[in-house]
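User: I'm new to reading structures. Please take a close look at chain B and walk me through how its parts meet each other and the neighbouring chains.

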Amino acid sequence: MSDVKISGLHKTFGQVHVLKGIDLEIPAGEFTVLVGPSGCGKSTLLRTIAGLEEVEQGNILIAGVNVNTLRPRDRNIAMVFQNYALYPYLNVFENIAFGLRARKMPDSEVRSRVHFAAEMLGITGLLDRLPRELSGGQRQRVAIGRAIVRKAQLFLFDEPLSNLDAQLRDEMRGEIKRLHQDLGITMIYVTHDQIEAMTLADKIVLMRGGVIEQMGAPLTIYERPANRFVAGFLGSPKMNFILGDVINRGSSHAMLLTDGETIPLPQRSGGWGQSIVLGIRPQHLERSEPITSVNEVRLKRTIEIVQPTGSRTYITINIGGAQCIAETESMEIGRPGELIELSFDLSHAVFFDPISGAALV
Amino acid sequence: MALNRRLNLFGRYILACCLLVFFVFPIYWLFIISFKTPDEIFHFPPVWYPKNIQFANFSVLFKDGDAISVLNSLILAGTSTVIAMVFGTMCAYSLVRFKTGGENFAVWVISQRLMPPIAIIFPIFLLYVYLGWVDTYGGLIILYTAFNLPYVIWMMRGYIEDIPLELEESALVDGCSRWRVLWKVVFPMARTGLFATAVFTFVFAWNEFIFALVLTRTEVVTYTVQVTHYFGGQSNFWAKIAAMSALGTVPVFITVSLLQRFLVRGISMGAVKG
Amino acid sequence: MTYAPRAKHESTVSRQSTRMPDHNFRYWIIAPSVFLLLLIGLFPLIYSLVVSFQQITMTDYDTSFAGLDNYLHLFEDARLWQSIAHTLVITVIALPLELLFGLAMAHLFLEKMPGRQIFISLIVLPTVISPVVAGATWRLLFDQRYGPINQVISWLAGHEVVLLWNITPHLVYPAILICEIWQWTPFMFLILLAALSNVDKSLTEAAELDGAGFWRIFFKIVLPAIWPVMAIAILIRGVDLFKIFDVIWALTSGGPGTMTETVSIYTYVQGFQQFETSYTAAIAFLIVGLMSMVVIWAIRRMGLAK
């Protein structure tokens, strides 16, 4: 168990500036997920921590030791790759034992460690097989087993589940979470999938364009996104964004939408500026019930599209020129073309600066 | 329609058989002469097949010691192939993984394969005379190794590119040195490519003529040079030409037919991935 | 004890802070290859250049500076230009014929037929034979009296025909070309067969449904698809033909007279039989220089190194 400290990390590939000054602290034993759209630098950051990319500028400290010039094998880390990276010419046992053999570990110790890991992952019966005789999920277990036997101070995962089908992915996600609870090792996990990020992480690090946009506990980021990008990235379906002008109504302010609707704005010390973007998550856009809160906003709109998923139903409506989705639990919500009355609680709304995208609190 | 197609197939067989005769008959003739008695060889009109298969033409080669040239070919081609494979694969790995030298270096390497041997051998000959390396195993092995390296590098580059990078990175993280990755991951992953390339490299060195012609005298004469020794001004030693050629050709036929599925990739320098 | 290892340590770290210890591994593993490649890739060029400015012959080890004498002599050397002409004649006749025959044969064997693989395996055998053995084989076949070729021609003609294949001036080139085409048509055939089998069938079938004929499909769809591979095959064979030595050495040794002397044969004669050392160096330098330009241009053009 070790902590990781990264400061001022830069990386360029030719003309492309991939990491633009990353500062990050990962406490020992925490599960950190690096998440962001493809090309955001999350994989490069992970690979730099692993030592597969050289540090150009900045420092990486693992357990207080600067590892900038340490080779990957000297960093005492284990890594699980997207395509499992199993050696096709070795059987499962030797695949799991590969790292131990490289470190010249005595045979008896290799044996006991491999069997321990195999039991933990439920693949004891597969030890004699070759990788090509395994299913995708089994291969992923072997790849994880290879990391477990190393007893490394740090686990790195590079999109380990993206090659699995949806059902297996859910299963393996649970498995990895359990693994973290059982082993208590510091883990850094890269994914582009926001559900994996939300479900697995103690801490989410959300990246875009080589910089960290926001980091923190999943629910904190989810509820208090630092900017419009973060708000839009986490959550599915995406948060709805509605643009409007700020108008003055005596002592208070309100938002004027392009379709003429007005929405009252809460008090803000710094004022609101010219225009504003309102963000509201689909699940907070509800079918109207009798008034429950003073902060409630009510809207009457035409249903455009209805998408039932079984447990919940997505309704597409137009608010102020923006296609918005409302998520309801009920089945009977009407058909396209019919009117529906929706409401949301202003306390769930987030406001953003339309130009910088920063959240206005 | 069905009849038409059958005729078509019949026609194709006729054509295929004509081609077969054209391409295989010369080889047949070469081999059959090596089994003939002198009477049959120098018989007019020509004898199309020998009455008895006899091996006197071969045993003469062994008795006179000429067959040692096949052994020389084996030593030169074998040793240079092993060295070229080891060095060439290492170099190819560096080209693929680290882009060492960039595109210019790669172009330079492959262009060496296409240079005319005669223009290279002349200055090399002068150097070897100076160093006393003419007619030595070492001298020829070095030259064969150098001359085959571009081919090995080129072919292995293609095979190494097919190895998933993750396998190597995983090994690096798991505790392997760069050398161990090369030995424990790259070589096993590329083993079919290594094998196929080695065989073709061997065949090229085995069949080589001009370097051996210039650089051998008596000690390390190869079978290709030995064959030309039997050409005379007036009379040719037909039986020896045929027998020596057959001795040198049979191993090539055997190895190449075992490697049918790599043949296209091997001779097209990787342009076609079979 | 007070010393300053810390400061020293820090300075070394900061100097190479971006490099891992095995950074130079990439250079270690190419070193042996580069060293050997310089022996055939750079040394001959430099050494030829140096010697070509001297006046070394068999009888006279004269290393005094000769200026451009040897290079000027190149232009007056009719035998050299003839040998270049001979080489080009062989190349421009053999290369298109090998290509066309190879392509036709590839079409013949493109569709499945029983025993196809056996036919292919046997037909490609000439390609893997040593060229010098191929030349020797054809020398046996072409023999005026005991060779089977004159015999077959006699049968066809109905009376005895004696053709002196490697002596009669108008027969030596056909003899060389037949041998070359015999040995290397299978090379073209095999590569083009593989290329043709890789052409996307749905494209040709769609064109067929649109009513395009065989030639139209070939030029509009098949040829563009196989061109990258075909270009490499042409490059390899073109360069090989320009270097031609072994076959001619075994078949005619350049004769009769100097009638079939190619660039390689002529260079060999100058260097190893007449020992015009400095002059041969000039020829070698010229050849390597010209070939390098052509070859490197072709390789870049085809994007082979990408």
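Analyst: Let's start with one term: a salt bridge is a side-chain nitrogen of Lys or Arg within 4 Å of a carboxyl oxygen of Asp or Glu. B:Asp174 makes one with A:Arg150, and their closest N and O atoms sit 3.0 Å apart.

Before we go on, some housekeeping. Everything here is a predicted model, where local features need pLDDT of at least 70, side-chain atom pairs count only at pLDDT 80 or more, and totals for chains, interfaces and linings use all residues. Residues are numbered from 1 along each chain as its sequence is written, chains are lettered from A and ligands numbered from 1 in the order in which they are written, and side-chain values use heavy atoms, with hydrogens and water left out.

How sure is the predictor? The model scores ipTM 0.90 and pTM 0.87. Residue by residue we use pLDDT, the predictor's confidence from 0 to 100. Chain B has a mean of 90, with 96% of its residues at 70 or more. Within chain B, helix 2 (residues 38–41) has the lowest mean among the elements, 83, while helix 4 (residues 68–98) has the highest, 95. Helices (H or I, at least four residues) and strands (E, at least two) are DSSP runs, numbered from the N terminus.

Now for chain B itself. It splits into domain 1 (2–54) and domain 2 (64–267), with bounds that come from an automatic or database domain assignment. The C-alpha centres of those two domains of chain B are 33 Å apart. Their contact (heavy atoms within 4.5 Å) takes 7 residues from domain 1 and 10 from domain 2. About 700 Å² is buried between the two domains, and carbon and sulfur atoms give 90% of that; buried area is the accessible area (1.4 Å probe) that two parts lose on being put together, summed over both. On the domain 1 side, B:Leu30, B:Phe31 and B:Ser34 lose the most area to domain 2, together 54% of what that side buries.

What about charges and polar groups there? Between the two domains of chain B there are 0 salt bridges. There are also 0 residue pairs in polar contact, counting pairs with both residues at pLDDT 80 or more. Helix 1 (residues 2–35) of chain B gives the largest share of domain 1's side, 5 residues. That side holds 6 nonpolar residues, 1 polar residue and no charged ones. A polar contact means a pair of N or O atoms within 3.5 Å; within protein, one must be able to donate a hydrogen and the other to accept it, and residues adjacent in sequence count only if both atoms are side-chain atoms. For the classes, Ala, Val, Leu, Ile, Met, Phe, Trp, Tyr, Cys and Pro count as nonpolar, Asp, Glu, Lys and Arg as charged, and the others, Gly among them, as polar.

Next up is chain C. Its contact with chain B takes 96 residues from chain C and 100 from chain B. Together they bury about 8800 Å², 80% of it on carbon and sulfur atoms. C:Ile40, C:Leu140 and C:Tyr146 supply 8% of the area that chain C buries against chain B, more than any other three residues. There are 3 salt bridges between these chains. B:Arg178 and C:Asp22 meet in a salt bridge at 3.9 Å, N to O. You'll also find 10 residue pairs in polar contact here, both residues at pLDDT 80 or more. Helix 2 (residues 25–41) of chain C gives the most to the side that touches chain B, with 14 residues. By class, that side of chain C has 66 nonpolar, 18 polar and 12 charged residues.

Finally, back to chain A. Its contact with chain B takes 25 residues from chain A and 17 from chain B. They bury about 1800 Å² between them, with 58% from carbon and sulfur atoms. A:Arg73, A:Tyr89 and A:Phe98 supply 30% of what chain A buries there, more than any other three residues. The salt bridge count between chains A and B is 3, and 11 residue pairs are in polar contact, both at pLDDT 80 or more. Helix 2 of chain A gives the largest share of the side touching chain B, 4 residues. That side of chain A has 15 nonpolar, 3 polar and 7 charged residues.
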